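Reader: I'd love a close look at one buried spot in this model, and then at how the strands around the chain are put together. Could you walk me through it?

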Amino acid sequence: MESSVRVEKSDRERHRDMEMNESVWEQNVRKVVPYTPGEQPGNKDVIKLNTNESPYPPAPGVQNRINGLELDKMRLYPAFPEQTELAEALASYYQIGVDQLFIGDGSDDVLSLAFMTFFQSGKPILFPDITYSFYDVWADLYRVPYERKALDENFCIRIEDYMQPNGGVIFPNPNAPTGILMGLDEVEKIIVANRDVVVIVDEAYIDFGGTSCLPLIHKYDNLLVVQTFSKSRSMAGMRIGYAMGNRKLIKYINDVKYSVNSYTMNYAALQLGVESVRDAAYFEECCEKIIKTRERAEKELASLGFTYPKSYGNFIFASHNRVPAQEIFERLKENDIYVRYWNKERINNHMRITIGTDEQMEALYRALEKICG
Ligand SMILES: *Cc1c(COP(=O)(O)O)cnc(C)c1O
């Protein structure tokens, strides 16, 4: 399990052969291999357990806010996110200053800007070999060199791998797509070992039973914690993500954002997000429901012959003891049940199953009984 190193030129080298047949303008195009998102089935009625969306609707207050949206406001450019009710609501919920918070167009936007802003040393940044597959895409796009550190045989991050000189560190906690949670003390050890670079902890799934490392932003000025409305807040379609960290970090990422696109967030998202943050009870209830369904799913999947690491996300990363994951994935799809499968080294016999409603999960178990029974 060797770590792979990729540097600035490798992308171009891969395209050199192709360039022989390219027109001159084409040779000077920025060529990237884009991220592949989970399939969106369009209008087809399927049980969608493939992109870690919440099966529950957004907070009830969101509907009221939709009814109150003002047509005339759409004529105007939206407010700057940091000067909105949404920023105030988030800052008060997390008990931080508004100037310790950056809000963007989904956490993919926030993370992409963070790559552009903080990973400029020219030294390789570090992240796990099995992780959110957008990290290497942004690194390639922004010409940031990187090294992928192999997870151990149980898919756990080896913290000692992050103790070498580097240009920055990023990892999700819990990790994706494994769902494995790292303890707060281990996260802190990684930060302590990397005081000269920015450490980004991607907490997209932290609300499903993990403990956020957010309090550490007051202790370490190089820590950026990124969260999203897409999973635990049932608002993937509104595209709201945010980062929390030291004021200086937030200022730097804002400077870059205002150099790319001043108005990344639309008026409706800024308005509707507020209601989710204000309704803490509904938010906690949804997370609790998903955790309970996940615990039931673990038992059901085990009895069907699956193994999986203990998940702290709204998904389970499962492998069957007999039937190949790709076959299960395809057969489920024929039954209009979508899960996620990657034909990638080390994980090509696993599939990631998003936790849906209890009814959706029952349908999944029944289909799996037929496929694996
Ligand atoms: C889903 C996800 C994101 C991105 O979510 P947005 O919808 O862009 O907010 C970021 N990181 C991880 C690990 C994710 O799984």
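Author: Happy to! In this predicted model, D202 has a relative accessibility of 4%, and because buried means under 20%, D202 counts as buried. The residue sits in strand β7, which covers residues 199–202. Leaving aside residues up to four places away in sequence, D202 touches L111, Y132, Y135, F171, P172, N173 and V226. For a distance you can check on the backbone, take P174: P174 and D202 are 28 residues apart along the chain, and their C-alpha atoms are separated by 8.3 Å.

One of the residues that D202 touches is V226, and strand β8 spans residues 223–228. From here we can step to strand β9, since β8 and β9 pair in the antiparallel sense over 5 bridges. Within that pairing, L224 has G245 in β9 as its bridge partner. Strand β3, residues 101–104, also pairs with β9 in the antiparallel sense, over 4 bridges. There, L101 stands opposite M244 of β9.

Strand β9 itself runs through residues 241–245 and is mostly covered, with 5 of its 5 residues buried. In a regular strand, side chains alternate between the two faces of the sheet. In β9, G241, A243 and G245 point one way while Y242 and M244 point the other way, and all are buried.

Another place to look is an open sheet of 4 strands, ordered β10-β11-β14-β13 with antiparallel pairing. Its edge strands are β10 (306–307) and β13 (340–341), each of which pairs on one side only. Between β10 and β11 (residues 315–320) there are 2 bridges, in the antiparallel sense. F306 stands opposite H320 of β11.

Now let me zoom out to the protein chain. It has 12 helices and 14 strands, and buried residues make up 55% of its 373 residues. Counting contacts between residues at least 6 apart in sequence, 72% join residues at least 24 apart. A compact globule with 373 residues would have a radius of gyration near 21 Å, and the protein chain agrees, with 21 Å. Its C-alpha trace spans about 55 × 55 × 50 Å along the principal axes.

If you care about surface and charge, the protein chain exposes about 17400 Å², of which carbon and sulfur atoms supply 49%. The chain carries 43 positive and 54 negative charges, and the mean positions of the two sets are 1 Å apart.

Methods:
Residues numbered from 1 in each chain as written. Predicted model: local features only at pLDDT ≥ 70, side-chain atom pairs only at ≥ 80, totals over all residues. Heavy atoms only, no water. Rg over C-alpha atoms; globule rule 2.2 N^0.38 Å. Buried < 20%, exposed > 50% of the residue type's maximum accessible area, 1.4 Å probe, protein only. Contact = heavy atoms within 4.5 Å. Areas by Shrake-Rupley, 256 points an atom, 1.4 Å probe, with all protein chains shown as cover. Lys, Arg positive; Asp, Glu negative; His and termini not counted. Charge placed at Lys NZ, Arg CZ, Asp CG, Glu CD. Pairing = 2+ DSSP bridges.
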